[in-house]
Amino acid sequence: MNIIEIIEQKRQGRELTGEQIEYFIQGYTKGEIPDYQAAALLMAICLNGMNQEEILAMTMAMANSGETLDLSDISDYVVDKHSTGGVGDKVTLIISPIIASLGVPIAKMSGRGLGITGGTVDKLQSIPAYRTDISIEEFKNNVKEIGISLISQTFDLAPADKKIYALRDSISAVDSIPLIASSIMSKKMAAGANRIVLDVTYGSGAFMKNVSQAKKLAKAMKEIWQGKDKKICCVISKMEQPLGYSVGNTLELIEAVQALHGQMAEDLKEVVITMCIQMLKLADRKESDAQLENEIWEVIHTGKAFHKFVELAQKQGADAAYLYDLNRLEKAPIIVPVLSDEKGWVKALSAEKIGKISIELGAGRKNKEDEIDRRVGILLNKKMGDFVENGECLAYIHASTAEKIDELVEKVKSAYAFSSKEVAKENVIYTIL
Ligand code: URA
């Protein structure tokens, strides 16, 4: 078998065999296939797609490229969640401690930022000294002892995905159903949870641009997750504007902590509550949605969910004082308001444009080796449906330097569109599959 033939076959739009996919995944993981050939094959997959059998073969090969965890000694069910990506999506940081404080074990391996979408690992690392790279033993022990662990993809679990994910990001091969489905599901398989809730996003700030693509992606992932005692649920949600008010790692961490204290933007609240209810249902909780929602608010209002987050951070090496006093987190040196030149109701706020500006600020990576700046980002002051006066503040740019700041201010303004008529605020959850 040889990699050039495999690339050519996919470039011509032909189906790959399970053996060819296995050969590629093994060869690339071991470093026998170089980045440039892997990039060519990934781009061919991106352009020509894969059928369900190929997606399944790719997922299994990636899941088996490293260790696979068995968490069955922790509980009959371990629930996990994953988002297909979004701008301002800090949902994992909020719902994981909520669910764990309701007695459902959470064992989650998260990714770094990819394309314009942020990654949970980058946000967790905004808590000084938080270790996302703990050993698998420690990961399991934390879930056993405190009911929660959030880590990055270690090299032992689905290492193929770790390499492919970073490479895809740097060659613009991200928004592909087979590549996203195999990336997410291989990690879920390797990480050992048996119940998963997926937030499948669509819109300008998501990899899937419309509902029909999002449904296709959800279907591909659901078909992979078959087997005894495996349960899955997909929440399809809109990502036209950033979720919540903050975009950028430390800013999103701050918003997540505020949410754990009960202060949540409407759209963020809708996603958080929906995802939590679905996770509890998959953990065999039989109460009505309204009862489950009450329990969720109870752990928020009593401080249990926030304390679970503190416990998690401490367990993974962080200094929890930063979570008690968010002002101690390092801020960007330059904070500039963006003032509106127009008056009216915000009818659009492009998540894609805001995501790109946040990458320019240094909150995300242009190349896989890039260091990110956790302090920078955009704090929105106005969102869709809000009324804005001429001269009112739309958002604040948090930057590391004043260089190019005028250009960035104009870019943030161009992410907004206004209407002279009142614009209704829309729900973000489209459906649950
Ligand atoms: N999240 C992942 O883990 N992988 C993708 O490809 C996209 C989002």
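Q: Domain bounds come from an automatic or database domain assignment; with the bounds taken that way, what is the distance between the C-alpha centres of domain 1 and domain 3?
A: In this predicted model, the C-alpha centres of domain 1 and domain 3 lie 38 Å apart. The assignment sets domain 1 at residues 3-49, domain 2 at 79-324 and domain 3 at 331-419.

Q: How do you know that Cys234 is in no disulfide?
A: The structure holds zero disulfides. For Cys234, the nearest cysteine sulfur belongs to Cys233 and is 6.6 Å away, whereas a disulfide requires two cysteine sulfur atoms within 2.5 Å, so Cys234 does not form one.

Q: What makes the sulfur of Cys276 too far from the closest cysteine sulfur for a bond?
A: The closest cysteine sulfur to that of Cys276 is in Cys233, at a distance of 12 Å, and because the limit for a disulfide is 2.5 Å, this pair is too far apart for a bond.

Q: Why is Cys234 called buried?
A: Cys234 has a relative accessible area of 0%, and since buried means under 20%, the term applies to Cys234. Cys276 is likewise counted as buried, at 0% relative accessibility.

Q: Why is Val346 called buried?
A: The relative accessible area of Val346 is 0%, which falls under the 20% cut-off, and therefore Val346 is buried. Val346 lies in strand β8, which spans residues 344-349.

Q: Which residues does Val346 touch, not counting residues up to four places away in sequence?
A: With contact taken as heavy atoms within 4.5 Å, Val346 touches Lys382, Lys383, Met384, Gly385, Asp386, Val388, Tyr416, Ala417, Phe418 and Val423.

Q: What makes up the contact of α2 with α4, by class?
A: Helix α2 (residues 18-29) and helix α4 (residues 52-63) pack at an angle of about 35°, their axes being 9 Å apart, and their crossing is right-handed. From α2 come Gly18, Ile21, Glu22, Phe24 and Ile25, while α4 brings Glu54, Ala57, Met58, Ala61 and Met62. Glycine counts as polar and Glu as charged, so the contact has seven nonpolar, one polar and two charged residues.

Q: What makes up the contact of α8 with α9, by class?
A: Helix α8 (residues 159-170) and helix α9 (residues 177-191) pack at about 145°, with axes 10 Å apart, in a left-handed crossing. Asp161, Tyr165 and Arg168 of α8 meet Leu179, Ile180, Ser183, Ser186 and Lys187 of α9. Because Tyr counts as nonpolar, the contact comes to three nonpolar, two polar and three charged residues.

Note on methods. Residues are numbered from 1 along each chain as its sequence is written. This is a predicted model: local features need pLDDT of at least 70, side-chain atom pairs count only at pLDDT 80 or more; totals for chains, interfaces and linings use all residues. Side-chain values use heavy atoms; hydrogens and water are left out. Domain bounds come from an automatic or database domain assignment. Buried means under 20% relative accessible area, exposed over 50%, partly exposed in between (1.4 Å probe, protein chains only). Axes are lines fitted to C-alpha atoms, for helices over the stretch in contact, and angles run from 0 to 180 degrees between N-to-C directions. Helices (H or I, at least four residues) and strands (E, at least two) are DSSP runs, numbered from the N terminus. A crossing is left-handed if the near helix is turned anticlockwise from the far one by less than a right angle, and right-handed if clockwise.
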